[in-house]
Amino acid sequence: MNTEKIAARRLSLEEVTKLGVQDRVFVSADTAELKLPDCYVPAFLTKPGEDFEGGSITARTVFQEEVSCLPDDENEAGIYLADENGSVTIEVLQSAGVVLDLALFVPGGDKGSLTALYAAVRQAFGADIVQIWRQGLKEVPDVKVDIFEEQIPRGRKGSDSPKRDRRAIDTYPTRADFIEFSAGWKPVVEIHRPIVDDTPTI
């Protein structure tokens, strides 16, 4: 396990309320899936400290985990700030690397081109380092589409026309698989129709 010891000080609830979402703090690395007692991870508050109520603070770690805690509760790990003059030394979990979740378009997409792609990645980063965790191959139709997200109607049908926001223009329909749509909205995929400007010119 790769960790780094840093000097830090524990923050009180009053100090946390003065922090913003850009301030880097350290919170417990202990989660339901991974038990790492007495270990911390870099994190940022999910909203300015002054906006939290009831003494409970929520932070999002650099590993995209959300952690909630009560800073003034002595039975909890608490929230720390890096400080060279800090009274304690904490052990901070380091990143091992990055897991990529990519959509790659390979023209033709035959087995030879895919093999060449994997070989090039392994050559660049090392055969024992690059691991393919999930591979979902999908044929891409030769058609471009516009992707919208449309608000799911509530109440009586036909009472209001649904609101619509464009999410992607002139792209492949499989792009919708990789877009995170807002809660209460659904994806709508339509064949791309270029916008024709009929404005008269002189």
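# Reasoning from cut-offs to labels

Student: Why is R60 called partly exposed?
Tutor: The relative accessible area of R60 is 34%. Buried needs under 20%, and exposed needs over 50%. The value for R60 lies in between, so R60 is partly exposed. Keep in mind that this is a predicted model.

Student: What makes the pair E66 and R60 a salt bridge?
Tutor: Their side chains meet at 2.4 Å, N to O. The cut-off is 4 Å, so the pair qualifies.

Student: Is the partner, E66, buried, partly exposed or exposed?
Tutor: Partly exposed. E66 has a relative accessible area of 48%. Exposed starts over 50%, so E66 does not reach that class.

Student: How many salt bridges does this rule give?
Tutor: The count is four. R9 takes part in one with E15. There the closest N and O atoms are 2.9 Å apart. R9 also meets D83, at 3.1 Å from N to O. Both distances are within 4 Å, so both pairs count.

Student: Why can the R9 and D83 pair be said to tie together distant parts of the sequence?
Tutor: R9 lies in strand β1, residues 3-10. D83 is in the loop between β6 (80-82) and β7. The parts it joins are therefore 74 residues apart in sequence.

Student: Which residues make up the network of salt bridges?
Tutor: R9, E15 and D83 are linked in it. R9 is partly exposed, because its relative accessibility is 28%. E15 is partly exposed too, with 31%.

Student: Why is V98 called exposed?
Tutor: Its relative accessibility is 72%. The threshold is over 50%, so V98 passes. V98 sits in the loop between β7 (88-93) and α2 (111-125).

Student: Which residues make the nonpolar surface patch that includes V98?
Tutor: V98, L100, L102 and L104 make it, with an area of about 470 Å².

Student: Where do nonpolar side chains tend to be in soluble globular proteins?
Tutor: They tend to be buried together. In this chain, the largest nonpolar core has 18 residues. Among those with the most contacts inside it are L11, V16, L45 and I57. Strands β2 (24-28), β3 (40-45), β4 (57-61) and β5 (66-69) each give two or more residues to this core. The largest share, three residues, comes from β3. Apart from this core lies another, of seven residues, including I6, F26, Y40 and Y80.

Student: What does L45 touch, beyond residues up to four places away in sequence?
Tutor: Its list includes V16, L19, V21, F52 and I57. G20, T58 and A59 are also on it.

Student: What is the radius of gyration of the chain, set against a compact globule?
Tutor: The chain has 24 Å. A compact globule of 202 residues would be near 17 Å. The C-alpha atoms fill a box of roughly 70 × 55 × 45 Å along the principal axes.

Student: How many of the residues in the chain are buried, as a percentage?
Tutor: Buried residues make up 24% of the 202. Here buried means under 20% relative accessible area. The accessible surface of the chain comes to about 15,100 Å², and 50% of it belongs to carbon and sulfur atoms.

Student: What is the secondary structure of the chain?
Tutor: Two helices and 10 strands. From the N terminus, the order is β-α-β-β-β-β-β-β-α-β-β-β. Among contacts between residues at least 6 apart in sequence, 60% join residues at least 24 apart.

Methods
Residues are numbered from 1 along each chain as its sequence is written. This is a predicted model: local features need pLDDT of at least 70, side-chain atom pairs count only at pLDDT 80 or more; totals for chains, interfaces and linings use all residues. Side-chain values use heavy atoms; hydrogens and water are left out. A nonpolar core is a set of buried Ala, Val, Leu, Ile, Met, Phe, Trp, Tyr and Cys residues joined through side-chain atoms within 4.5 Å. Buried means under 20% relative accessible area, exposed over 50%, partly exposed in between (1.4 Å probe, protein chains only). Helices (H or I, at least four residues) and strands (E, at least two) are DSSP runs, numbered from the N terminus. Contact means heavy atoms within 4.5 Å. Patches are made of residues with over 30% relative accessible area and no salt bridge: like charges are joined within 9 Å, nonpolar side chains (Val, Leu, Ile, Met, Phe, Trp, Tyr) within 5 Å. Accessible areas come from the Shrake-Rupley method with a 1.4 Å probe; for residues, only the protein chains shown count as cover. The radius of gyration is taken over C-alpha atoms; the globule rule is 2.2 Å times the number of residues to the power 0.38.
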